[in-house]
Amino acid sequence: MRYYELTFKTAPSNEAVSDVLAALLADVGCEAFTPTPTGLRAYIQQSLYDEAAVRSVVAAFPLPDIEVSWTCAVAPDENWNATWESAHEFQPVALPGGEQLHIRPRQAFGSGEHPTTQMMLSLLAMVPAPIRLAVDAGCGTGILGIAALRMGAHSVFAYDIDEWSVSNSEYNYHLNIPEGQSTYGGTFTIKHGDSRVLDGVHGATVLMANLNTNIILADIEAFAGTLAPHGTLLLSGFLCTDTPRIIEAAARHGLSHQTTLSNGDWQAVMCVRA
């Protein structure tokens, strides 16, 4: 599989700018991100690359007074994902109850440090027990599904459209819940695909989706249909300016808004199915 390497320079260059840029680039197909001293480096499959879409991201960048420039080159013909792994060590992630996970991330939102992930973990801790089935939609590194198991979920169903994320989630699952360990007895199932894999999944106690606005709005009907009556939907990955649209879409599908958490420009919401 061949990739392009997109190199972005931002002025000013800081973590907040890179986070927003990575979220917007994920919308147009970029799969992995590496911060640089002057901005961000992103990778995209050559078959998915749309120059006009990337130009639109740059032209409509939502943070004020930010200059963004970029270049595109063919990624070196090497296993650059192995290079990514060697440069990103295991990240300890503290759960709300005090336990720790260890995650080897392959994408910007998967290390556990990003505000959206932290808010999702906080919301997950608010879901009343028992959690019979937790769904991790667009699981990335698997961090939310693994956290649900560590918090007592009976079973987890996870999926992602990115094959690397599927393998990365499996790796992180076995890292945090060794085979034969009885302390965390829940089952972990992961599939490769988009929200259509939810067609056979029903009765979820909680569904977690730390994605982006466009995907959430496109898939929220499937999310609602997967939940059990009184099931909980946890959503993040979007800027606060998009929260009203998310809540309105949830309401149209029978989900009542319960809680909003904020961290900088990011927000997360909890909704409950009637």
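The protein chain has 8 helices and 13 strands; both are DSSP runs, numbered from the N terminus, with at least four residues for a helix (H or I) and at least two for a strand (E). This is a predicted model, where local features need pLDDT of at least 70 and side-chain atom pairs count only at pLDDT 80 or more, while totals for chains, interfaces and linings use all residues. Residues are numbered from 1 along each chain as its sequence is written, and side-chain values use heavy atoms, with hydrogens and water left out.

**Exercise 1. Work out the strand order of the open sheet of 7 strands, and find its edges.**

Step 1. Reading across the sheet, you get 9-8-7-10-11-13-12, and the pairing is mixed. Two strands pair if DSSP finds at least two bridges between them.

Step 2. Now look for strands that pair on one side only: these are strand 9 (187–192) and strand 12 (255–263), the edge strands.

Step 3. Check the twist: on average, neighbouring strands here are turned by 15° against each other, direction ignored. Axes are lines fitted to C-alpha atoms, for helices over the stretch in contact, and angles run from 0 to 180 degrees between N-to-C directions.

Step 4. Zoom in on one pair. Strand 7 (residues 134–137) and strand 10 (residues 204–210) run parallel and are joined by 4 bridges. Within that pair, V135 stands opposite L207. As background, strands of a sheet pair through backbone hydrogen bonds, either parallel or antiparallel.

**Exercise 2. Follow A204 and say which residues it touches.**

Step 1. Place it: A204 sits in strand 10.

Step 2. Check its exposure. A204 counts as buried because its relative accessibility is 0%; buried means under 20% relative accessible area, exposed over 50%, and partly exposed in between (1.4 Å probe, protein chains only).

Step 3. List the partners. Not counting residues up to four places away in sequence, A204 touches L133, V135, T226, L227, A228 and G231. Contact means heavy atoms within 4.5 Å.

Step 4. Pick out L227: it is 23 residues from A204 along the chain, yet their C-alpha atoms are separated by 4.5 Å.

**Exercise 3. Find the residues with the most contacts inside the largest nonpolar core.**

Step 1. Know what to look for: a nonpolar core is a set of buried Ala, Val, Leu, Ile, Met, Phe, Trp, Tyr and Cys residues joined through side-chain atoms within 4.5 Å.

Step 2. The largest one has 54 residues, and F8, L25, M208 and L234 have the most contacts inside it.

Step 3. Another core lies apart from it, with 25 residues, including L207 and I220.

Step 4. Try M208 as an example: leaving out residues up to four places away in sequence, its contacts include M120, L124, V135 and L234.

Step 5. Zoom out. Of the 274 residues of the chain, 53% count as buried. In soluble globular proteins, nonpolar side chains tend to be buried together.

**Exercise 4. Describe how helix 7 and helix 8 pack.**

Step 1. Helix 7 (residues 213–226) meets helix 8 (residues 243–252) at an angle of about 10°, and their axes are 10 Å apart.

Step 2. So helix 7 is roughly parallel to helix 8. The cut-offs go like this: under 35 degrees is roughly parallel, over 145 roughly antiparallel, 65 to 115 roughly perpendicular, and the rest oblique.

Step 3. Name the residues: helix 7 brings T213, I216, L217 and I220, while helix 8 brings R245, I246, A249 and A250.

Step 4. Sort them: 6 are nonpolar, 1 is polar and 1 is charged. Here Ala, Val, Leu, Ile, Met, Phe, Trp, Tyr, Cys and Pro count as nonpolar, Asp, Glu, Lys and Arg as charged, and the others, Gly among them, as polar.

**Exercise 5. Look at the backbone of P12, P130, D65 and H230.**

Step 1. Start with the prolines. A cis peptide bond, with omega about 0°, joins A11 and P12, and P12 is in the loop between strand 1 (3–11) and helix 1 (15–27). A129 and P130 are also joined by a cis peptide bond, with P130 in the loop between helix 4 (115–126) and strand 7.

Step 2. Next, phi. D65 is not a glycine, but its phi is positive, about 60°; D65 is exposed, with a relative accessible area of 73%.

Step 3. H230 has a positive phi of about 70° and is not a glycine either. H230 belongs to strand 11 (residues 227–239), and at 60% relative accessibility H230 counts as exposed.
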